[in-house]
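Here's a quick walk through one structure, with an eye on its charged side chains. Take a look at it first, then read on.

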Amino acid sequence: MANLKENLENIEKANKNFEKELSNFKNEFAEKAEVKERHFEKTVGALISKDQKILLVQRGNHPFRGTWTLPGGHIEEGESDEESIIREVKEETSLGFKPEYFGSYEECFEELGWFAYVSIFKGEFKGELDMKKVDPEEILDINWVSYAELKDLRVGFEHRKIIDEYFSS
């Protein structure tokens, strides 16, 4: 019971730190990112886990350059959400991915001009991570991260919230 209480306290601290960190990121990136008209992008993200760790990629592009996020990206014309997430996971990690729908989220960052509907998929993966097969300008790094390690990372978009939901489900 003491561990549960301690875990809950750690989660509350992480959430408070995240809110502060997110506010700082919004201010930092608002100065650097171009402001666009409000247009909602349609994107996808992947929750890929192994040994109680989640796979994250470090972004090389704006918005949220340098932050850690779930693998994913924009849906190309003519693609289904499932086709898109399979392609994005392959491009960003070199892994094969069998998607299973997890949920949908809105990501709104007014000061960045970023508005998106994101479909999140969880699922099984095949293969090995290979940084040599990813675009080094798009993906700076790939790493398996434990839930406890998340508190020390700068996580982009609303992905910390999504990861929280995943680990608590």
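## A buried arginine without a partner

Arg59 is buried (under 20% relative accessible area, where exposed is over 50% and partly exposed is in between, using a 1.4 Å probe and protein chains only), and yet Arg59 has no salt bridge. A salt bridge here needs a side-chain nitrogen of Lys or Arg within 4 Å of a carboxyl oxygen of Asp or Glu. The nearest side chain of opposite charge belongs to Glu92, and that one is 5.9 Å away. For the charge labels, Lys and Arg are positive, Asp and Glu are negative, and His and the chain ends aren't counted.

Where does Arg59 sit? Look in strand 3, residues 53–59. Helices (H or I, at least four residues) and strands (E, at least two) are DSSP runs numbered from the N terminus. Skipping neighbours within four places in sequence, Arg59 is in contact (heavy atoms within 4.5 Å) with Phe64, Arg65, Gly66, Thr67, Thr69, Glu138, Leu140 and Phe157.

## How far to trust the model

This is a predicted model, in which local features need pLDDT of at least 70 and side-chain atom pairs need 80 or more, while totals for chains, interfaces and linings use all residues. Residues are numbered from 1 along each chain as its sequence is written, and side-chain values use heavy atoms, leaving out hydrogens and water.

The average pLDDT (the predictor's confidence in each residue, from 0 to 100) is 81 for the protein, and 72% of the residues score at least 70. Among the elements, helix 1 (residues 2–32) has the lowest mean, 61, and strand 2 (residues 49–50) the highest, 95.

## Glu138 and Ile139

Glu138, one of the contacts of Arg59, sits in the loop between strand 7 (114–126) and strand 8. Its relative accessibility is 25%, so Glu138 counts as partly exposed. Beyond its sequence neighbours within four places, Glu138 touches Gln58, Arg59, Gly60, Asn61, Glu88 and Glu92. The C-alpha atoms of Glu138 and His62 are 9.4 Å apart, with their positions 76 residues apart along the chain.

Next comes Ile139, in strand 8 (residues 139–146). Is Ile139 buried or exposed? Ile139 is buried, because its relative accessibility is 3%. Its C-alpha atom is 5.2 Å from that of Gly60, although the two residues are 79 apart along the chain. With neighbours within four places left out, its contacts are Val57, Gln58, Gly60, Glu92, Met131 and Val134.

## Charged pairs that do meet

Side chains of opposite charge can pair when their charged atoms come close. How many salt bridges does the model have? The count comes to seven.

Arg87 takes part in a salt bridge with Glu79, with 2.7 Å between the closest N and O atoms. Arg87 also pairs with Glu91, at 3.3 Å from N to O. Both Glu91 and Arg87 belong to helix 2 (residues 81–93), four residues apart, or about one turn of the helix. Arg87 counts as buried because its relative accessibility is 17%, while Glu91, at 36%, is partly exposed.

Another salt bridge joins Glu100 and Lys122, at 3.8 Å from N to O. Glu100 is in strand 6 (residues 96–109) and Lys122 is in strand 7, so this pair ties together parts 22 residues apart in sequence. Glu100 is partly exposed at 46%, and Lys122 is partly exposed at 28%. There's also a network: salt bridges with shared partners join Glu76, Glu79, Arg87, Glu88 and Glu91.
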